[in-house]
Amino acid sequence: MYSKEHMEFLKKVNKRKKLIRITQVLILICMLALWELAAKFNLIDTFLTSYPSQIYTLFIKMFKSGALFKHVVVSTTEVVVGFTLGTLLGTLVAIVLWWSDFLSKVLDPYLVVLNALPKTALAPIIIIWAGAGISGIIVTAMIVSIIVTILGVYGGFKEVSNDKIRMLQTFGANKLQVLQKVVIPSSVPAIINALKINVGLSWVGVIVGEFIVSQAGIGYLIVYGSQVFKLDLVMMSV
């Protein structure tokens, strides 16, 4: 049983969480309301900015026709595949770097340079190499996320306590056992953080790829909407 003081503390924590959520929702509602009012009173150019009710009407129209579902499925599939490949390959490379101190020191400057490169700017070249289509878009998403995965997961591996590693080695554990029993379990927070970052980066890679070469997807809708000056389509896609 919890004490009365602890119960009061939990109530305060829950009350604060609810207050934060309500405030977040109210801020969003106020922003949308101000946007709508500014459009209704001609304070903004709706041709350039659109407005919430127009975007909502277009959303319902495309949802009912099934067109929106098609584009969302295409982009989501590309993101999931690119995210999965980038995470798995990045984690495998991080394991190889942890396994070989020599290799990690050799590749360290190259990883820093690759991380600094504007990978989205290289998307046209990547798509030419990988193929103009879904394969090129997936590879773009994978490459955008893989370097971050390598650096994040490998950084987590290096932060593992040497005392724990030495203790296992004292009991006769080999390198694979150290990796399985200590390094990976201790690096779970770093791996999760890498996954959180990779989700966003994979979306960026997919959208940029769809900007360049695609006949479907959210990025395609954004480009098409901007080309025909349908800003409500662009805003809805965003």
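Let's start with phenylalanine 47. Its relative accessible area is 47%, so it counts as partly exposed. Keep in mind that this is a predicted model.

What does phenylalanine 47 pair with? The structure holds four aromatic pairs. In one of them, phenylalanine 47 is stacked with phenylalanine 229. A quick reminder on how to read such a pair: we give the distance of the ring centres and the angle of the planes. Here the centres are 6.2 Å apart, and the planes make an angle of 20°. Stacked requires under 30 degrees, so this pair earns the word.

Now look at where the two rings sit. Phenylalanine 47 is in helix H2, residues 46-49. Phenylalanine 229 is in the loop between helix H11 (218-227) and helix H12 (231-237). They are 182 residues apart, so the pair links distant parts of the chain. Phenylalanine 229 is exposed, with a relative accessible area of 54%.

Next pair: tryptophan 98 and tryptophan 99. This one is edge-to-face, with 6.1 Å from centre to centre and 75° between the planes. Are these two buried or exposed? Tryptophan 98 is buried, at 14% relative accessible area. Tryptophan 99 is partly exposed, at 38%.

On to charges. Side chains of opposite charge can pair when their charged atoms come close. How many salt bridges are there? The count comes to two.

Take lysine 40 and glutamate 36. Their side chains meet in a salt bridge, 3.7 Å from N to O. Both are in helix H1, residues 4-40. They are four residues apart, so about one helical turn separates them. Lysine 40 is exposed, with a relative accessible area of 52%. Glutamate 36 is buried, with 16%.

The second bridge joins lysine 105 and aspartate 101. Their closest N and O atoms are 2.9 Å apart. Both residues lie in helix H5, residues 101-116. Again the spacing is four residues, about one turn of the helix. Lysine 105 counts as exposed, at 57% relative accessibility. Aspartate 101 counts as partly exposed, at 46%.

Now a charged residue without a bridge. Glutamate 78 lies in helix H4, residues 67-99. It is buried, yet it has no salt bridge. Why not? The nearest side chain of opposite charge, lysine 70, is 11 Å away. A salt bridge needs nitrogen and oxygen within 4 Å, so lysine 70 does not qualify. What does glutamate 78 touch, leaving aside neighbours within four places in sequence? Its contacts are Ile134, Ile137, Ile138, Val206 and Glu210.

Compare lysine 181, in helix H9, residues 175-186. Lysine 181 is exposed, with a relative accessible area of 62%. Its C-alpha atom is 39 Å from that of arginine 21, and the two positions lie 160 residues apart along the chain.

Last, step back to the whole chain. It is divided into domain 1 (4-44) and domain 2 (64-237). Their centres, taken over C-alpha atoms, are 33 Å apart.

What does the UniProt record add? Its unreviewed entry lists "transmembrane region" for residues 20-38, 79-99, 111-131, 137-157 and 201-223. Check two of those against the model. Residues 20-38 are 100% helix and 0% strand, with end C-alpha atoms 27 Å apart. Residues 79-99 are also 100% helix and 0% strand, and there the end C-alpha atoms are 30 Å apart.

Technical notes:
Residues numbered from 1 in each chain as written. Predicted model: local features only at pLDDT ≥ 70, side-chain atom pairs only at ≥ 80, totals over all residues. Heavy atoms only, no water. Helix = DSSP H or I, 4+ residues; strand = E, 2+ residues; numbered from the N terminus. Buried < 20%, exposed > 50% of the residue type's maximum accessible area, 1.4 Å probe, protein only. Lys, Arg positive; Asp, Glu negative; His and termini not counted. Contact = heavy atoms within 4.5 Å. Domains from an automatic or database assignment. UniProt positions renumbered as here; feature names shortened; annotations may be inferred. Phe/Tyr/Trp six-rings, centres within 6.5 Å; stacked < 30°, edge-to-face > 60°.
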